[in-house]
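Biologist: Could you take me on a close tour of one part of this model, the little sheet and whatever packs around it? I'd like the core and the charged pairs worked in as well.

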Amino acid sequence: MNPYDKRELVRETNRLNKKKKIIRMILSIVMGLAFTMGAVAGVFILMKDSTQKTKNAQAKVKKEAEQAKEEKDTKEKERIQLMEEADLLAAMYDYDGAIEKLNQYPEVDTIPEFTQAKQIYEASKASCTAYDIKEIPHIFFHSLIADNAKVFDGDNEEAGYNQYMTTIDEFNRIIQQMYERGYVLVSMHDMAYLDENGVMQKGSIMLPPGKKAFVLSVDDVNYYNYMQDDGFASRLVIGEDGKPTTERDLENGTSEIGDFDVVPLLDKFVEEHPDFSYRGAKGLLGITGYEGALGYRTCPTDEKNGYDESQIETAKKVAQCLKDDGWEFASHTWGHIHMGTVSAEKIREDSQKWEEQVKPILGEVDILIYPYGEDINSFRPYTAENEKFTYLKQMGFNYFCNVDGNKAWVQMGDNYLRQGRRNLDGYRMYHDYTDDTIDKLSDLFDVKQVYDAQVRPPVPSLTGPGM
């Protein structure tokens, strides 16, 4: 071989080896880079997965914390609400109801506040004694005078209003003084009840020392047409808060909602002083039917006063609202008749009208308030021989209210309860105010501090619209 060729072959071999070395180096670098990138990518993926898991774990912890806080807040709200509701029941002398309310809490025995409250309720209950139902007075009002200037204006109706009505200021002062003297509103149904055999049994009104039970009623809660534009409420309505209140029509054709009569005034007083009401009792509303009910023209034979069939459903809703609020209804007869002097047949005719026109609005009613206070019997007990009583019992009446001058007059028969009522009106207050020898009111309030002597003219002898 030519030496030159041999050297050339060696050089060529060296070049090839060098290229291979370079290629191997490049491949090594590429593979190293690939490995490194793969490792980095793997680490990145691992880091990303770890971060996501951390975020998920943190989110779970946060959600669990939020749920735990929400559950704690909910239980705290429930605890506070139950405590408030229990305290309200206890303030109204329903201690068993208050304890039962607290026992609704799942962990009642772990809450020191509940344990202490139940002990207080039990102690308060133990201090109570049964109140003698024969010592319970029954006071009553008519619609309250909301605008003194319109009532005491010298027109033909002034004398009657002055005799039979009470001003709003007088009413407020009466209620305040009675509250300060320890009086507590009760229902006639608290006083006595019919057992499963139809026998009247004495109720159990349990009150703490110093408290005195009384019943309150309002006659003629109808807002008659003759009273329009004379300074009285025009009707009962449901307020924006869902509670019953009154509406008054104004001379310019508009109307306004406000505390213009007994219902909203007493409601607000009880709300502020729950211990003025025994287990939520409010009062009795005596309703007639010849011009409708509750201020609505629902009597179909009363076309001259604007009978409006569409008002019946509204009146029903208002009646239910009143019942839900603790008020009770009593019949004052359909036609405001003299029950003691009219015939039994006349009473049957009147009762049928009540059944057809008023009962569908008010629902079942078992209390009768005699118009004019005129009873169907003397002070002697009712008997089955009394045709009027027998018929009224058949119509579902078990409680009967007349007017009596005694501080308290209660008669419980085998199947009825009868109670005398005391009128707290202009006539009664005027005579107590002006004649120091007369004392019909001092057990209830100080008439010198109540009577609106600067507003009222002298009260004449009893005439006017009646009771």
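Modeller: Before the core makes sense, one definition: a nonpolar core is a set of buried Ala, Val, Leu, Ile, Met, Phe, Trp, Tyr and Cys residues joined through side-chain atoms within 4.5 Å. Keep in mind that this is a predicted model.

Now, the largest such core has 70 residues, and the members that touch the most other members are Leu216, Leu266, Ile287, Leu294 and Leu362. Helix α8 gives the most to this core, with six residues. There's also a second, separate core of 38 residues, and Leu102, Ala117, Val184 and Ile205 are among its members.

Ile287 is worth clicking on. Leaving out residues up to four places away in sequence, its contacts include Leu294, Phe329, Trp354, Val358 and Leu362. Polar residues turn up there too, among them Asn222, Ser331, His332 and Thr333.

On to the sheet you asked about. It's an open one with three strands in the order β8-β9-β10, paired antiparallel. The edges are taken by β8 (235-238) and β10 (255-258); each has a single partner strand, so one side of each is left without a neighbour in the sheet. On average, neighbouring strands here are turned by 40° against each other, direction ignored. Zoom in on β8 and β9 (residues 244-249) and you'll find four bridges holding to the antiparallel sense. One spot to look at is Arg235, which stands opposite Glu247 in β9.

Two helices lie across this sheet's strands. Helix α8 (residues 262-272) lies across β8, β9 and β10, and runs at about 140° to β9. Helix α9 (residues 311-324) lies across β8 and β9, running at about 75° to β8.

Let's stay with α8 for a moment. Eight of its eleven residues are buried, so call the helix mostly covered, with buried meaning under 20% relative accessible area. The buried set is Val262, Val263, Pro264, Leu265, Leu266, Asp267, Phe269 and Val270. Leu266 you've met already, as one of the core members with the most contacts to other members. Asp267 is the acidic one in that buried set, and Asp267 belongs to a network of salt bridges that links it with Lys243, Lys282 and Asp325.

That brings us to the charged pairs, where the count comes to 26 salt bridges. Take Glu85 and Lys101, whose side chains meet at 3.1 Å, N to O. Glu85 sits in helix α1 (residues 3-91) and Lys101 in helix α2 (residues 95-102), 16 residues apart, and the pair links distant parts of the chain. Glu85 is partly exposed, with a relative accessible area of 27%.

Glu355 and Lys359 make another salt bridge, at 3.6 Å from N to O. Both lie in helix α10 (residues 344-362), four residues apart, about one turn of the helix. Glu355 is partly exposed at 26% relative accessible area, and Lys359 is partly exposed too, at 22%.

Finally, look at Asp375 and Arg418, a salt bridge with the closest N and O atoms 2.7 Å apart. Asp375 lies in the loop between β13 (367-369) and α11 (387-394) while Arg418 lies in strand β16 (residues 417-423), so the pair ties together parts that are 43 residues apart in sequence. Asp375 counts as buried at 12% relative accessibility, and Arg418 is buried with a relative accessible area of 0%.

Note on methods: Residues are numbered from 1 along each chain as its sequence is written. This is a predicted model: local features need pLDDT of at least 70, side-chain atom pairs count only at pLDDT 80 or more; totals for chains, interfaces and linings use all residues. Side-chain values use heavy atoms; hydrogens and water are left out. Two strands pair if DSSP finds at least two bridges between them. Axes are lines fitted to C-alpha atoms, for helices over the stretch in contact, and angles run from 0 to 180 degrees between N-to-C directions. Contact means heavy atoms within 4.5 Å. Buried means under 20% relative accessible area, exposed over 50%, partly exposed in between (1.4 Å probe, protein chains only). A salt bridge is a side-chain nitrogen of Lys or Arg within 4 Å of a carboxyl oxygen of Asp or Glu.
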